[in-house]
Amino acid sequence: MRTSIRTAGVLAALLATGVTGCAGGRTTQDPPPSPVDLTGKVRLVSYTDCAEMTDGLRRAAARNVTPWGFGDAMLFAAREDASAAKQATPEQSFSTTNTHEAGVDEPDLVKSDGDRVITVTGGVLRVVDARTRRVTGTLRLVAGDQAWAEADLLVHGDRALVLFQGGVIPFGAKAAARVGPGGPRYVLVDLSGEPRVLAAMTAHGQHVDARQSGSMVRLVVRSQPEIALPVPKEGASEREMLDANRRAVLAAPADAWLPSYEIETGGGETGGAGRTERVGCDRISHPDSFTGTSMLTVHTIDLAAAAPFGSTSPIAVAADGDTVYGTAGSLYVTSNPQWWTARPIDVVPVPETSGAEASEAAPTPTAPPERTEVHRFDVSGPGAPRYVTSGSVPGRLLNQYSLSEYDGRLRVATTSGAEVFGASPSTSESGVYVLDAGTLAPTGSVTGLGRGERIYSVRFMDDLGYVVTFRQTDPLYALDLRDPAAPKVTGELKITGFSAYLHPAGEGRLIGIGQEASEAGRALGTQISLFDVADPAAPAVLSRFHRKDSGSEAEWDPHAFLYWPATGLAVLPLQSWAGGEITETAALALRVGDRAITELGVVTHPKPAANKGFAPDGQGIRRSLVIGDDLWTLSGAGLKVSDAATLADRAWIPFG
């Protein structure tokens, strides 16, 4: 879930101050491959029928349920999945969403094809003609009192998929007629004329992320079993509560685990009845070791199909997941190590046979090894993805930039031994692990980076890698990854502050966006650095721009960063504050040359009326894009068009 701008400003200020039912039998479509032994003893095996699935999930969930349910044994590690930049080609006269991999789009709140600017803010989708700078279409997707609902877009031709991460009530529906189970909602919109809803899908669970290649969209949803656990009796001990919960889990039906979703067709605007479907047991796989407390589902939606929601071809894995990384042919879903709370309860193992009468307790969950599981799916063809293999690496990922597939290898950067909350202990260190992309078997690694620190940013570029760790100073490590069996550190640069996002800026150049910091590690304000990485053995700082008492959304969400290589224009949202109060929200424009960063100026938007509900106070500018010689900036209040060279105002398009 995205951190709100208001929350982010507070955090930065704190830093500155210190029914396909339970069908038995395997379908003939997309048969699963044979199990493969993998690194970290992780492999996926498909269930043959519902009886096998239910038995396995019951026993696993019974071992991991606590006296208080499923959520208290572990805290799900929600990670911001930030994206990196796809540089515009010289022939292209408009910028696109800043993404990790070229050709793989990521959801964001604005899209453009050079002729149109399509946005979704405050629950309203708008289409703006780039030439006339006028709104040509408007579609409210949620009720006005849900204008807070965060949404993103994916677009292909004249179709847009709007992704609401949390449960929302469709515009026009009665509050009592909430559609589906109230999870993430995906709305298909026709853009060929006045925007209109074609269909919608509501999934039961939590939205993890999505990727788009061509017209194919892959949605990743995480769900937990729906089991009505008994209300604790007054005065019950933890042991009694635990035993009661385990009896309920062992008696739960298969449907408790099967991921469900609801499809609405014929408009899908008013919350009318749709068809409820579940992922079939034969479409679910499981690794050798699993908790039974979570399920990952991958839905496939073809935006070019006559009926994109006609069949989402979902497949599911009995696993957890928080980070998604995609290439044109691969989709990776990873699960960071869980944060566990051990319970001092004397228990005995759950028997192999399951049933409502089996009340014996299983061993109390203990902290698992600090390893990140990686699952790879083949998405090179249409239809449902095909599971390929799984593996694991030591430590914990930062975000999707910690992953990179190149030349048949997957590179993974992690930190081990760092505290879950607070500063990193002296025992922490980071490393980069190289895996064979076909089997996810390990081929080589380089460890020992940033002892006593943790990773703040990662960028892989072809057979080179760059890792920033931080506690009090910012070591930028340059890595040579040409030999997958023997990756190595070639250079190290120590400066104050840290870079939270790294962006390629042409041959031998790297832009870092983060915070300047004191020698004691106290954040002092936004810092943009230009690094010379032409010589991997001697990375150097060429130029630095610092704005004290400020922060940028681009530090944690690179979709907010624009870099236009043709002119060296770099734009990012900026919040400034004094005395704990936000004093300015703007878009900071810089010129990045071969050896220097210079400030062009700032773009600001009119403050919205307090009662409009579109842009909460302090939200400010969120995104920027280039179309021809125009710089477009987006806030909840509207779109501004400026001269991309001088920042002179050209048009204001209010969202009133």
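Strand β40 (residues 621-627) is joined to β41 by six bridges, and the two strands run antiparallel. In this register, Ile 621 faces Ser 635 of β41. All of this is read from a predicted model. The connection between β40 and β41 is a hairpin with two residues between the strands, and Gly 628 in the turn adopts a positive phi of about 60 degrees.

On the C-terminal side, β41 pairs with strand β42 (residues 638-643), again in the antiparallel sense, over five bridges. Here Leu 631 has Ser 642 of β42 as its bridge partner. These two strands also make a hairpin, with two residues between them. Strand β41 therefore takes part in two hairpins, one with β40 and one with β42.

How much of β41 is buried? Six of the six residues of this strand (residues 630-635) are buried, so β41 is largely enclosed by the rest of the structure. The burial holds for both directions of the side chains: Asp 630, Trp 632 and Leu 634 point one way, Leu 631, Thr 633 and Ser 635 point the other way, and all are buried. Ser 635, the residue opposite Ile 621, and Leu 631, the partner of Ser 642, thus both belong to this buried set.

These strands sit in a chain whose secondary structure amounts to three helices and 43 strands. Of its 656 residues, 59% count as buried. The chain exposes about 25,200 Å², and carbon and sulfur atoms supply 51% of that area.

A further group of strands is worth a look. Four strands form an open sheet in the order β31-β32-β33-β34, with antiparallel pairing. At its edges lie β31 (498-504) and β34 (540-548), each of which pairs on one side only. Direction ignored, neighbouring strands of this sheet are turned against each other by 20 degrees on average. Within the sheet, β31 and strand β32 (residues 509-517) run antiparallel and are joined by six bridges. Pro 504 of the edge strand β31 finds its bridge partner in β32 at Leu 510.

Among the helices, α3 (residues 238-250) has 13 residues and reaches 18 Å from its first C-alpha to its last, close to the 18 Å expected at 1.5 Å a residue. Its buried residues are Met 241, Leu 242, Asp 243, Ala 244, Asn 245, Arg 246, Ala 248, Val 249 and Leu 250. The charged side chains of Asp 243 and Arg 246 are thus listed alongside Leu 242 and Val 249 as buried. The cover over the buried residues of α3 includes helix α2 (50-64).

Two loop residues deserve a note on backbone geometry. Most residues other than glycine have a negative phi. Arg 133, however, has a positive phi near 60 degrees; Arg 133 lies in the loop between β5 (124-129) and β6 (134-140). Leu 440 is likewise not a glycine, yet has a positive phi of about 60 degrees, and its place is the loop between β25 (429-436) and β26 (442-449).

Are these two loop residues buried or exposed? Arg 133 has a relative accessibility of 26% and so counts as partly exposed. Leu 440, with a relative accessible area of 0%, is buried.

How values were computed
Residues are numbered from 1 along each chain as its sequence is written. This is a predicted model: local features need pLDDT of at least 70, side-chain atom pairs count only at pLDDT 80 or more; totals for chains, interfaces and linings use all residues. Side-chain values use heavy atoms; hydrogens and water are left out. Buried means under 20% relative accessible area, exposed over 50%, partly exposed in between (1.4 Å probe, protein chains only). Accessible areas come from the Shrake-Rupley method with a 1.4 Å probe; for residues, only the protein chains shown count as cover. The expected span of a helix is 1.5 Å times one less than its number of residues. Contact means heavy atoms within 4.5 Å. Two strands pair if DSSP finds at least two bridges between them. Axes are lines fitted to C-alpha atoms, for helices over the stretch in contact, and angles run from 0 to 180 degrees between N-to-C directions.
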